[in-house]
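Work through the following exercises with the sequence and the coordinates side by side. Each task is followed by a solution that goes step by step.

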Amino acid sequence: MNMPSTIRFPRPDGDKGWRAEIQLKYGVKGGKTRLLERLFVGPLAVQKTFYPEGGTCHTYLLHPPGGVVGGDQLRFDIQVAAASHALLTTPGATKFYRSNGDTAWQSQELMVVDGAFLEWLPMENIFFPGAQVKLITEVKLEGNARFIGWEMQCFGRPVLGEEFTHGQILGQTHIFRDGKLLLAENLRLQSKTQLECAAALRGYPMTGSLYISPIDDALVERINQIIDEQQSRFGEAVLLGTSELEGLLVVRALGQHTEPMMASFMQIWSAVREYWLGCTPDAPRIWST
């Protein structure tokens with residue numbers, strides 16, 4: 001199913017933003033994973049797919065406006081069929097600008113069936129002071145589906161010395177396997193004071209979570225080794241730790257800026273790929289531009 005990416009819904013509630021939606025379905029055809037169905041509504045699009053690794057389908061999710069304002073609604077619906085292997089990323093950070101009082105929404109539903117493999121690797125979200133945002137992520141895994149994905153959130157623009165002094169960021173992440181809830185995480189940030197709280201972000205302007213499922217003892221041990229290496233490499237520029245749940249490993253990070261967190265997550269991602277598939281991945285070219 002194909003629709004042009006220029007279709008627009010009416011602005012919800014008068015002049016309170018645009019609705020944008022993208023639905024992608026992957027399956028195997030001709031011996032490799034292909035994007036079999038796509039639906040675009042509003043300013044979300046995919047121009048083409050790439051195959052730097054043979055059968056793995058690399059896809060760049062595009063949001064041409066480059067930023068999200070209060071009242072905008074972005075929805076991602078990704079489905080990966082049996083024996084398929086898809087990697088999705090974005091060409092740059094998603095910027096959430098200061099709100100005029102309305103909330104911006106971004107929801108992501110990722111479905112990975114038995115025998116499929118999804119890598120969900122978007123660049124960071126950047127929240128400008130005064131942003132009001134709600135983020136919802138649901139990952140639904142079936143059977144022995146493989147999943148590795150990350151979320152990176154940057155509050156303010158630390159490179160410019162700009163702090164997240166006010167605003168509201170609400171986040172929910174749920175991960176299921178065969179209908180069983182493995183993880184339910186909530187994020188609520190409303191002020192600079194919460195950034196400084198030891199129980200929250202300890203004064204760090206960035207937080208990140210890397211999700212890996214399924215896991216076993218050998219894989220967890222390898223990841224912990226990499227975490228120790230990255231911690232020695234970057235020191236207090238990034239703090240890393242893990243939470244092991246039933247069949248799911250969560251690597252948590254606090255960072256001063258994007259590069260140390262991204263570098264650490266990439267090292268873990270590469271090790272997971274090598275462990276699962278026997279070879280290290282080719283990083284998406286867009287990350288080097």
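**Exercise 1. Place alanine 83 in the chain and describe its backbone and its exposure.**

Solution. Alanine 83 lies in the loop between β6 (73–80) and β7 (85–89), where helices (H or I, at least four residues) and strands (E, at least two) are DSSP runs, numbered from the N terminus. Before going further, note that this is a predicted model, in which local features need pLDDT of at least 70 and side-chain atom pairs count only at pLDDT 80 or more, while totals for chains, interfaces and linings use all residues. Residues are numbered from 1 along each chain as its sequence is written, and side-chain values use heavy atoms, with hydrogens and water left out. The next step is the backbone: alanine 83 has a positive phi of about 70° although it is not a glycine. Most residues other than glycine have a negative phi, and most peptide bonds are trans. The last step is exposure: alanine 83 counts as exposed because its relative accessibility is 58% (buried means under 20% relative accessible area, exposed over 50%, partly exposed in between, with a 1.4 Å probe and protein chains only).

**Exercise 2. Find the non-glycine residue with a positive phi in the loop between β15 and β16 (180–191), and the cis peptide bond that involves proline 214.**

Solution. In the loop between β15 and β16, the residue to look at is aspartate 178, which has a positive phi of about 50° although it is not a glycine. Aspartate 178 counts as exposed, because its relative accessibility is 55%. For the second part, go to the loop between β17 (206–213) and α2, where proline 214 is found; the peptide bond that leads from serine 213 to proline 214 is cis, with omega near 0°.

**Exercise 3. Trace how β6, β9, β12 and β15 pair, and sort the residues of β9 and β12 by face.**

Solution. Begin with β6 and β9, which pair in the parallel sense over eight bridges (two strands pair if DSSP finds at least two bridges between them); here valine 80 has valine 112 of β9 as its bridge partner. Continue from strand β9 (residues 104–112) to β12, since these two also pair in the parallel sense, over nine bridges. Two positions fix the register: tryptophan 105 is bridged to lysine 134 in β12, and glutamine 108 stands opposite threonine 137 in β12. Then pass from β12 to strand β15 (residues 166–177), which runs parallel to β12 and is joined to it by 10 bridges, with leucine 170 of β15 as the bridge partner of lysine 134.

Now sort the faces:

- In β9, the covered face holds Ala104, Gln106, Gln108, Leu110 and Val112, and the uncovered one holds Trp105, Ser107, Glu109 and Met111.
- In strand β12 (residues 132–141), Val133, Leu135, Thr137, Val139 and Leu141 form the covered face, whereas Gln132, Lys134, Ile136, Glu138 and Lys140 form the uncovered one.

**Exercise 4. Decide whether asparagine 125 and serine 209 are buried or exposed, and list what each touches.**

Solution. Asparagine 125 is found in strand β11 (residues 125–127) and counts as buried, because its relative accessibility is 9%. Leaving out residues up to four places away in sequence, asparagine 125 touches Thr94, Phe96, Gln106, Leu135, Met152, Gln153 and Cys154 (contact means heavy atoms within 4.5 Å). Serine 209 lies in strand β17 and, at 10% relative accessibility, also counts as buried. With the neighbours up to four places away again not counted, serine 209 has among its contacts Gly149, Trp150, Glu151, Glu185 and Phe265.

**Exercise 5. Describe how helix α2 packs on helix α3.**

Solution. Two packed helices are described by the angle between their axes and the distance between the axes. The axes of helix α2 (residues 217–234) and helix α3 (residues 258–277) come within 10 Å and cross at roughly 155° (axes are lines fitted to C-alpha atoms, for helices over the stretch in contact, and angles run from 0 to 180 degrees between N-to-C directions). That crossing makes α2 roughly antiparallel to α3 (angles under 35 degrees count as roughly parallel, over 145 as roughly antiparallel, 65 to 115 as roughly perpendicular and the rest as oblique). From α2 the contact includes Leu219, Ile223 and Phe234, and from α3 it includes Ala263, Ile268 and Trp276.
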